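Let's take a walk through this structure together. Have the sequence and the 3D view side by side as you read.

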Amino acid sequence: QNMVSRATFAACEWINQQRPEMLHYMLSGNFDTEKKTSSVNLLKTRGRRVTAEITVPREILMKHLRVAPEQIAYGQQISTLSAILTNSSNNANHPANALAALYLATGQDIANIGESNQCTVYQRATRDGDHYFSITLPSIIMASYGGGTNLPTQSECLKMMDCFGQDKALKLCEIAAGLVVAGELSLAAATRIDKATRTNEWVD
């Protein structure tokens, strides 16, 4: 991000030299909405756009998370409607929790969770009775080189995931999306309770 700002400054200075009648300019007019949620970042992307998806077999979901695919899908309908009513750009449960942990561990700018937290969740029970889940992070900001990633503990963490150094940022963002999926499935299962399925369908 700092390199983008430096490049923008160089471009503005060149324009300023070509057009001396221009009295002043502003390096950032806040349209980028850095470190804030926004419709433009949701649609156009700031940083990276990543999607993670998984299909969990019904028996695995019910044995380990003790919930049926239909329960999670029904709960997601309510969550999505609530997101619309509250004008939220996020219909997930708590992606910021997973991102905060990963950001701190890998030397990211923690304030960038402001825009990185935006996401779109889609999930449904499949025709085979399994559970399909996908999440899209449309504007995730993460770095694998420079800044806090050079701190000893943080660089060690990045190296463990083979995400340290140039050209590794997209892989790191993909890992972040996978981490968010795990957290979302866990909380979705914990908050969807149906007494009827406790005895009829749940597996001990």
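Start with the hairpin: strand 2 and strand 3 form it, with five residues between them. In the turn you'll find Gly-129, whose phi is positive, at about 90°. One thing to keep in mind as you look around is that this is a predicted model.

The two arms of that hairpin run antiparallel, and six bridges join strand 2 (residues 120-125) to strand 3. You can pick out individual pairs if you zoom in. Tyr-122 stands opposite Ser-134 in strand 3, and Gln-123 has Phe-133 in strand 3 as its bridge partner.

Now look at what else strand 3 pairs with. Strand 1 (residues 48-56) is joined to strand 3 by eight bridges, and these two strands also run antiparallel. Here Ser-134 turns up again, this time as the bridge partner of Glu-53. So how enclosed is strand 3? Ten of the ten residues of strand 3 (residues 131-140) are buried, so the rest of the structure largely encloses it.

Time to step back and see the whole chain. What does the secondary structure add up to? The protein has nine helices and three strands. Reading from the N terminus, the elements go α-α-β-α-α-α-α-β-β-α-α-α. You can see in that order that four helices come between strand 1 and strand 2.

And the overall shape? The C-alpha trace spans about 75 × 40 × 25 Å along its principal axes. The radius of gyration is 21 Å, while a compact globule of 204 residues would have one near 17 Å. As for what is tucked away, 38% of the 204 residues count as buried. The protein exposes about 12,100 Å², and carbon and sulfur atoms supply 57% of that area. The chain also brings distant stretches together: among contacts between residues at least 6 apart in sequence, 66% join residues at least 24 apart. Then there are the charges, 19 positive and 19 negative, whose mean positions are 1 Å apart.

With the big picture in hand, let's visit a few single residues. Leu-42 sits in helix 2 (residues 39-44). Is Leu-42 buried, exposed or partly exposed? Its relative accessibility is 24%, so Leu-42 counts as partly exposed. Leaving aside neighbours within four places in sequence, Leu-42 is in contact with Arg-49, Ser-89, Gln-118 and Pro-138. Ser-116 is 74 residues away from Leu-42 along the chain, yet their C-alpha atoms are separated by 9.6 Å.

Next comes Asn-117, in the loop between helix 6 (113-116) and strand 2. Asn-117 has a relative accessibility of 19%, so it counts as buried; the cut-off for that is under 20%. Not counting neighbours within four places in sequence, Asn-117 is in contact with Asn-90, Pro-95, Ala-96 and Leu-99. Ile-60 is another matter: Asn-117 and Ile-60 are 57 residues apart along the chain, and 28 Å separates their C-alpha atoms.

Leu-99 also appears in the surroundings of Ala-176, a residue of helix 8. Ala-176 counts as buried because its relative accessibility is 0%. Setting aside residues up to four places away in sequence, Ala-176 touches Leu-99, Leu-102, Ile-140 and Met-142. Measuring C-alpha to C-alpha, Ala-176 and Gly-107 are 14 Å apart in space, and they are 69 residues apart in sequence.

Finally, swing by two loops for a detail of the backbone. Arg-66 lies in the loop between helix 3 (58-65) and helix 4 (69-85), and its phi is near 55°, a positive value in a residue other than glycine. At 33% relative accessibility, Arg-66 is classed as partly exposed. Further along, Asp-162 is found in the loop between helix 7 (152-160) and helix 8 (169-191). Asp-162 has a positive phi near 55° as well, again in a residue other than glycine. With 43% relative accessibility, Asp-162 counts as partly exposed.

Note on methods
Residues are numbered from 1 along each chain as its sequence is written. This is a predicted model: local features need pLDDT of at least 70, side-chain atom pairs count only at pLDDT 80 or more; totals for chains, interfaces and linings use all residues. Side-chain values use heavy atoms; hydrogens and water are left out. Buried means under 20% relative accessible area, exposed over 50%, partly exposed in between (1.4 Å probe, protein chains only). Two strands pair if DSSP finds at least two bridges between them. The radius of gyration is taken over C-alpha atoms; the globule rule is 2.2 Å times the number of residues to the power 0.38. Contact means heavy atoms within 4.5 Å. Accessible areas come from the Shrake-Rupley method with a 1.4 Å probe; for residues, only the protein chains shown count as cover. Lys and Arg count as positive and Asp and Glu as negative; His and the chain ends are not counted. The place of a charge is taken as NZ of Lys, CZ of Arg, CG of Asp or CD of Glu.
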